Amino acid sequence: MKKNNKSDATGTILEYALEKYPVSLKLRDGTPVVIRPFCRRDENRLHKFLLAVPEEERLFIKKRIFERANFHEWCRHADFLENLPLLMLHGEKIIGEATLRQRPGGWKRHIGVLTMLTHPDFRGRDVSRMLIAEQVEIAGAVGLRKLESELNGERKIAIRSLEDAGFHLLMRRTDYVLDMNAVPHDYVLMGLDLRVEEEYAGVGE
Ligand SMILES: CC(C)(COP(=O)(O)OP(=O)(O)OC[C@H]1O[C@@H](n2cnc3c(N)ncnc32)[C@H](O)[C@@H]1OP(=O)(O)O)[C@@H](O)C(=O)NCCC(=O)NCCS
């Protein structure tokens with residue numbers, strides 16, 4: 001994976017936090033799954049997974065990641081200190097992902113950004129709950145103080161999943177964001193305060 005802008009110490013802590021993967025678990029219905037970080041050989045299956053997402057949920061995915069060239073570029077230059085996609089697999093198939101985004105510096109360097117997506121065939125079985133729990137643990141380990149997640153206000157299940165994980169509503173603005181078809185939707189910002197494990201968490205770079 002690409003070299004990043006954050007300090008070597010943070011990189012080492014992240015490497016340490018990722019040492020436990022792959023982790024084998026069972027969904028609430030007993031389905032065996034594995035959680036592990038994204039790697040380059042996942043490019044094709046990750047693309048397939050994203051294409052399985054219903055159109056209305058795709059309208060908010062910011063990067064034009066569905067265009068193959070952009071997607072290939074993103075996969076080639078994945079930088080875990082910037083974007084850490086944790087995948088859940090059932091056999092060879094990706095059934096869910098949760099990504100932790102960190103800022104390289106600035107006044108929001110202590111706030112990680114979380115996004116999550118579950119394959120439509122595997123929803124309501126704890127995929128997202130398990131992935132969020134892993135990312136919360138990683139975020140705490142690398143010294144982030146807070147997590148936030150931005151959503152379309154209509155994504156009620158996603159809001160509930162985040163509330164279940166301890167997130168609370170930070171902001172809601174009516175008709176504040178536009179989807180890719182220029183239709184306005186409510187903007188929701190959810191936040192979580194993390195238990196800080198590192199004494200030097202948030203110290204300026
Ligand atoms: C939000 C999302 C990630 C949840 O994924 P998931 O793997 O189905 O979630 P989980 O199984 O961990 O369930 C979390 C909670 O939501 C509930 N839930 C999941 N699907 C549900 C459904 N279709 N109807 C009602 N409740 C549902 C679960 O039952 C669980 O609550 P419970 O423990 O009280 O039963 C998934 O719906 C999704 O990918 N949505 C589209 C993308 C999105 O909106 N992402 C958020 C923006 S970053």
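This passage describes the ligand site and the nonpolar cores of a predicted model. Local features were considered at pLDDT of at least 70 and side-chain atom pairs at pLDDT 80 or more, while totals for chains, interfaces and linings use all residues. Residues are numbered from 1 along each chain as its sequence is written, and side-chain values use heavy atoms, with hydrogens and water left out.

We can begin with the ligand. It is surrounded by 20 residues, and Gly124, Asp126, Arg129, Arg155 and Arg160 are the closest (a residue counts if one of its heavy atoms lies within 4 Å). Oxygen atoms of the ligand take part in polar contacts (N or O atoms within 3.5 Å): one lies 2.2 Å from a polar side-chain atom of arginine 129, and one lies 2.6 Å from a polar side-chain atom of arginine 160. A polar backbone atom of serine 128 is 3.0 Å from a ligand oxygen. The protein buries 77% of the 930 Å² that the ligand exposes when taken alone (Shrake-Rupley method, 1.4 Å probe).

Among the elements of the shell (DSSP runs, helices of at least four residues and strands of at least two), helix 6 provides the largest share, five residues.

Turning to the interior, the largest nonpolar core has 37 residues, of which Leu14, Leu27, Met88, Ile138, Leu162 and Phe167 touch the most other members. Such a core joins buried residues (under 20% relative accessible area, 1.4 Å probe, protein chains only) through side-chain atoms within 4.5 Å. Helix 5 gives the most to this core, with six residues. A second, separate core of 13 residues includes Leu46, Leu87, Leu89 and Leu117.

Methods: Polar contact = N/O pair within 3.5 Å; in protein donor to acceptor, adjacent residues only side chain to side chain. Buried < 20%, exposed > 50% of the residue type's maximum accessible area, 1.4 Å probe, protein only.
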